[in-house]
Amino acid sequence: MMEKGPPNSSEGQQGWFSARNGSGSSLDLESVVRPLDLNPWDVVLCVSGTIISCENAVVVVVIFYTPAFRAPMFLLISSLATADLLAGLGLILHFAFVYFVPSEAVSLLTVGLLVTSFTASVCSLLAITIDRYLSLYNALTYYSERTVTRTYIMLILTWGASICYGLLPVMGWNCLKEPPSACSVVRPLTKNHLIILSASFFAVFAAMLQLYVQICRVVCRHAHQIAVQRHFLASSHYVTTRKGIATLAVILGTFASCWLPFAVYCLLGDYTYPALYTYATLLPATYNSMINPVIYAFRNQEIQKVLWAVCCGCFSSTPPFRSRSPSDV
């Protein structure tokens with residue numbers, strides 16, 4: 001997502017991120033005027049972007065071309081897949097422009113695209129979490145026009161905020177013409193810009209954590225009520241509850257393990273740190289966009305049916321099923 005410094009033999013760090021020179025300061029943008037040796041980390045990020053793009057393109061196409069997938073749940077999943085698709089394309093484009101068409105202006109555009117797409121991805125995860133909570137908390141009124149309106153409002157806020165964040169470096173809030181101390185571990189983003197992004201992530205993570213705790217409580221209460229009404233055994237109630245909590249733990253644990261290292265490093269690191277640390281924490285964050293389709297789309301039974309129908313050559317534009325509640329996904 002970031003501008004590249006010139007080769008540094010002492011550190012062996014090249015690529016999108018500033019490396020350390022002998023004095024510990026970040027290097028200038030000389031990649032604009034001369035080519036750089038290929039960095040294996042950049043290749044890995046580009047390959048990750050390709051996989052991310054292919055996975056999420058499938059999800060976007062399936063939802064877009066299936067009229068039955070117009071429920072709020074699928075709108076939010078398509079928003080997440082679109083954001084992750086753009087993130088994958090951004091990784092590919094940035095690699096291509098840095099190594100084959102070096103340009104400061106174009107590089108800033110790809111940085112803006114990456115900031116926008118990753119921000120939209122994280123915010124879409126929060127929107128999905130809110131939707132799941134409301135589908136349980138207001139189960140009787142979930143399938144109503146109010147839910148559709150609320151979904152569109154969340155989508156507008158998600159993409160509006162994400163685009164604003166992404167435009168900041170393009171509109172001039174970058175450290176290309178600033179002293180090295182103004183740069184963050186992700187050049188050309190300024191340290192203040194990255195602090196705002198990291199703080200926003202922690203706010204989203206805290207909200208998701210609180211919502212999933214509430215979801216666990218609702219799931220446990222509902223499972224107990226069903227067990228009492230239908231005279232289920234206590235063991236059946238325990239198995240059902242444990243399965244639901246385990247699913248939520250996997251969802252939240254995956255999100256935290258992918259993004260927390262990078263968010264913490266963005267707050268604690270500075271421009272003097274080796275680029276290796278940035279690569280090592282950013283790569284798991286990109287994996288979140290690779291895992292999201294598996295968790296939120298490919299596990300969905302309705303999407304599975306359409307994918308199997310496409311694979312078998314018997315695709316129907318109006319599959320005979322009704323969308324499940326997000327709480328069932």
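A residue is called buried here when its relative accessible area is under 20%. By that criterion, buried residues make up 50% of the 329 residues in this protein, whose structure is a predicted model. The fold is easy to summarise: the protein has 8 helices and 0 strands, and reading along the sequence gives the pattern α-α-α-α-α-α-α-α.

A good place to start is helix α3, which runs from residue 104 to residue 137. With 34 residues at 1.5 Å a residue, α3 should span 50 Å, and the 49 Å between its end C-alpha atoms agrees with that expectation. Of these 34 residues, 27 are buried, so α3 is largely enclosed by the rest of the structure.

One partner of α3 is helix α2, which covers residues 72-99. The axes of the two helices come within 8 Å and cross at roughly 160°. Because angles over 145 degrees count as roughly antiparallel, α2 is placed in that class relative to α3. The residues of this contact divide into 20 nonpolar, 8 polar and 2 charged. As for handedness, α2 passes α3 in a left-handed crossing.

Helix α2 also packs against α7, at an angle of about 150° and with the axes 10 Å apart. These two helices are therefore roughly antiparallel to each other. Here, too, the crossing is left-handed.

Attention now turns to helix α1, where valine 60 is found. At 23% relative accessibility, valine 60 counts as partly exposed. Its C-alpha atom is separated by 8.5 Å from that of leucine 85, and the two residues are 25 residues apart along the chain.

The aromatic side chains offer plenty to look at. A pair of aromatic rings is described by the distance of the centres and the angle of the planes. The count comes to 16 aromatic pairs. In one of them, the rings of tryptophan 41 and tyrosine 279 have their centres 5.6 Å apart and their planes at 20°, so the pair is stacked. This pair links distant parts of the chain, with tryptophan 41 in helix α1 (residues 40-64) and tyrosine 279 in helix α7 (residues 275-298), 238 residues apart. The two partners can also be described by their accessibility. Tryptophan 41, at 27% relative accessibility, counts as partly exposed, whereas tyrosine 279, at 1%, counts as buried.

Phenylalanine 64 and tyrosine 65 provide another aromatic pair, this one edge-to-face, with 5.0 Å from centre to centre and 85° between the planes. Both phenylalanine 64 and tyrosine 65 are exposed. Elsewhere, Phe118, Phe201, Phe202, Phe205, Phe255, Trp259 and Phe262 form one aromatic cluster.

Finally, the backbone holds a detail worth a look in the loop between α4 (145-170) and α5 (191-229), where proline 188 has its place. The peptide bond leading from arginine 187 to proline 188 is cis, with omega near 15°.

Note on methods
Residues numbered from 1 in each chain as written. Predicted model: local features only at pLDDT ≥ 70, side-chain atom pairs only at ≥ 80, totals over all residues. Heavy atoms only, no water. Axes fitted to C-alpha atoms, helices over the stretch in contact; angles between N-to-C directions. Helix = DSSP H or I, 4+ residues; strand = E, 2+ residues; numbered from the N terminus. Parallel < 35°, antiparallel > 145°, perpendicular 65-115°, else oblique. Left-handed = near helix turned anticlockwise from the far one by under 90°. Nonpolar A, V, L, I, M, F, W, Y, C, P; charged D, E, K, R; others polar. Expected span 1.5 Å × (residues − 1). Buried < 20%, exposed > 50% of the residue type's maximum accessible area, 1.4 Å probe, protein only. Phe/Tyr/Trp six-rings, centres within 6.5 Å; stacked < 30°, edge-to-face > 60°.
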